[in-house]
Amino acid sequence: MTEVSQTYTEDASVAEARKDHPMWSSRLAFILAASGSAVGLGNIWKFPYITGENGGGAFVIVYLLCIALIGIPIMIAEVMIGRRGERSPINTMRMLAQRDGLSQRWSWIGWTGIVCSFLILSFYSVIGGWALSYTGHAVSGVFSGASADDIGAMFGGLLSDPWTLLLWHSVFMVLVIVIVAGGIRSGMEKAINILMPLLFLLLLVMVGYALNSGEFMQGFNFLFQPDFSKLSTEGVLTALGHAFFTLSLGMGVMMAYGSYLPKKVSIVKTAVTVSIVDTAVALLAGLAIFPLVFANGLEAGAGPGLIFQTLPLAFGQMTGGVLFGSLFFALLVVAAVTSAISLLEPVVEWLEEQKGISRLSGALIGGISIWLLGMMTILSFNEWANFFPLEFIPAFEGKTVFDLLDYVTANLLMPLGGLFIAIFAGWFMSKQAVKNQLGLGEGAAYQSFMFVLKFITPIAVATVFIYNLS
C-alpha cells in the first residue's frame with residue numbers, strides 16, 4: 001500500500017488547521033531545505049578537524065555506521081511526528097499526546113527542541129559572522145603572503161574586538177531574519193533553491209582545485225584508508241555525537257520542516273536522501289580541505305582552528321589563493337545561512353501559532369531575541385573571557401557563557417530530545433499512525449526499522465549522553 005492511498009482519520013480542528021497550513025512545493029524542495037539545515041558549519045568546519053583528530057578513515061567508517069543506525073531513524077521519526085501534527089514542535093507534541101491518550105508531559109520534547117534551536121542560533125550566528133568577515137579578508141587578499149603569526153594575530157584580533165564581532169553577527173542575523181520572514185515558499189524555499197545549488201557548485205570547484213594540488217591522493221587515503229589503531233573509544237563516541245549533531249536532530253528543526261511536508265511524499269526515502277546528501281558534503285569538504293593541508297605541510301588534526309587559522313595560511317601561500325580562499329569562505333557562509341534559517345523556523349512557527357502574531361513579527365521577535373542573546377557569546381571571547389558563571393558546578397568549571405551554551409545544547413538538550421523522540425515514536429505513538437505515515441506496510445522493512453528505533457537508537461544515544469556527563 002502506498003502513502004498516496006493511505007487514509008487519515010483526523011478531528012475537525014486538525015482538518016481546519018490544514019486549510020491555511022503552508023507546504024513545501026515538492027519533495028525536492030523539502031530535500032533541499034532539510035539538506036540545507038543538515039549541511040552547515042558542522043560539515044565544513046567541524047567534520048574535517050574531528051576526522052583529523054581521530055585518525056581519518058577509521059573514524060569515517062564509524063561515523064557512517066552511526067548515521068545509518070542513529071541519524072536516519074531519528075530523522076524519520078522526527079519528520080514523521082512533524083508531518084502528523086502539522087504544527088510547531090510544542091503544539092505538535094501536545095496535540096499528538098492528546099490524540100493518542102498520552103500525558104501532556106510529552107510536549108516537553110517540543111519545548112526542548114525550540115529552546116535548543118534558539119540557544120544554538122545565538123552562538124551559531126556569531127561563528128557565521130566569522131565566515132562573513134573572513135570572506136571579506138579573502139577577497140581583499142589579506143591572506144596573501146601572510147605568516148602563521150600574521151594569521152593567528154588576525155583571528156585573535158577578530159575575537160578580541162566585540163564591536164567587529166557584533167557587526168558581523170548583526171549582518172548574519174539580518175540575512176536570516178529576512179529569509180525566514182518571507183515565508184515557506186516565498187522566502188525559505190526560494191532562498192534554498194539558490195543557495196543549495198551554489199553550495200554544491202562551490203564545493204565541487206574546491207574539490208577540483210584540490211584534485212590538482214599534488215596531494216589529493218594523500219588526502220583521499222587519509223579519509224578512506226582506515227587505521228583502527230588510531231581510533232579510541234572517545235573517537236567512537238565523538239563520531240556518534242557528530243552523526244547526531246550534523247543532521248539537525250533533537251532541536252525541533254526536522255519536526256518543524258516535517259510539518260510542511262505533503263502527505264504524498266515518502267518520509268523514509270526523503271530522510272535517507274537527506275542523510276546521503278549531508279554525508280556526501282562532509283566527505284567532499286574533507287576531500288577539498290585535506291589535500292590543501294598536506295600540500296602545505298600543515299597539521300590535519302589542527303582542531304577548530306583548521307578553518308580559520310590553518311587554511312587561511314594555505315590560501316596565502318598557494319597560486320590562486322585569493323580566488324579559492326574567497327570561494328571557500330563564501331561556501332562556509334552559504335552553509336551557515338542554510339542551517340541558520342532552519343534554526344529560526346521552529347521559533348517562528350510557534351510564535352505564528354500564538355494569536356495575532358504574523359510571520360514577519362514572529363521572525364523579528366525571535367530573531368532579535370536571538371541576536372541579543374548572541375551578545376553574550378561575543379563577550380565570551382573578550383570582555384567576559386574570564387567570566388565562568390557556573391564554575392561552582394564541577395561539570396561547568398572553566399566554561400564561559402559560549403562554552404556553556406555549546407555544552408548544554410550539544411551534550412544535554414540535543415541527545416535528550418533525540419532520545420525521547422525515538423522513545424515516543426517507537427513505543428508510545430499510535431502504531432497505526434506510524435504505519436500510515438511511513439507507508440512501509442508491515443513487512444521486513446517496517447519491522448527492521450521499528451527494531452532499530454525502539455532498541456538500538458535509544459541505547460546508542462543514551463550511551464553518548466551518559467558519556468558526555470561523565
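Begin by selecting Lys-46, Tyr-49, Asp-406, Ala-410 and Asn-411, which lie nearest the centre of the largest pocket, a space lined by 41 residues. The model on screen is a predicted one, and the volume computed for this pocket is about 1000 Å³. To see which elements frame the pocket, colour H3, H6, helix H7 (148–160), H11, helix H14 (305–317), H17 and helix H19 (444–469), each of which supplies at least two residues of the lining. If you then colour the lining of the largest pocket by residue class, you should find 27 nonpolar residues, eight polar ones and six charged ones.

Next, turn from the pocket to the enclosed spaces. Rolling a probe the size of a water molecule over the atoms shows where empty space is left. In this model, the count comes to two cavities of 30 Å³ or more.

For the largest cavity, select Ser-37, Tyr-124, Phe-245, Ser-248 and Ser-339, which lie nearest its centre among the 15 residues of its lining. The volume of this largest cavity is about 120 Å³. Helix H2 (27–38), helix H3 (41–53), helix H6 (107–139), helix H11 (233–246) and helix H15 (321–352) are the ones to display around the largest cavity, since each gives at least two residues to the lining. Its lining holds seven nonpolar and eight polar residues, with no charged residue.

Move on to the second largest cavity, which holds about 40 Å³ of space, and select the residues that line it, including Glu-78, Pro-89, Ile-109, Gly-250, Met-255 and Ile-421. Both H6 and helix H17 (401–428) supply at least two residues of this lining, and the largest share, three residues, comes from H6. By class, the lining of the second largest cavity divides into five nonpolar residues, five polar residues and one charged residue.

Finally, select helix H4, residues 57–85, and view it from the side. Its 29 residues reach 40 Å from the first C-alpha to the last, close to the 42 Å expected at 1.5 Å a residue. Centre the view on Ile-67 to inspect a kink of about 40° in H4. How many of the 29 residues of H4 are buried? The number is 24, so H4 is largely enclosed by the rest of the structure. End the tour just after H4, at Glu-86, where the backbone takes a positive phi of about 55°.

Technical notes:
Residues are numbered from 1 along each chain as its sequence is written. This is a predicted model: local features need pLDDT of at least 70, side-chain atom pairs count only at pLDDT 80 or more; totals for chains, interfaces and linings use all residues. Side-chain values use heavy atoms; hydrogens and water are left out. On a 1 Å grid over the protein atoms alone, a cavity is a set of points where a 1.4 Å probe fits but cannot get out, and a pocket is an open set with protein on both sides within 12 Å along at least five of seven lines; lining residues have an atom within 4 Å of a point. Grid points are joined across faces, edges and corners, and a volume is the space filled by probe spheres set on the points. Helices (H or I, at least four residues) and strands (E, at least two) are DSSP runs, numbered from the N terminus. Ala, Val, Leu, Ile, Met, Phe, Trp, Tyr, Cys and Pro count as nonpolar, Asp, Glu, Lys and Arg as charged, and the others, Gly among them, as polar. The expected span of a helix is 1.5 Å times one less than its number of residues. The bend at a residue is the angle between axes fitted to the seven residues ending there and the seven starting there. Buried means under 20% relative accessible area, exposed over 50%, partly exposed in between (1.4 Å probe, protein chains only).
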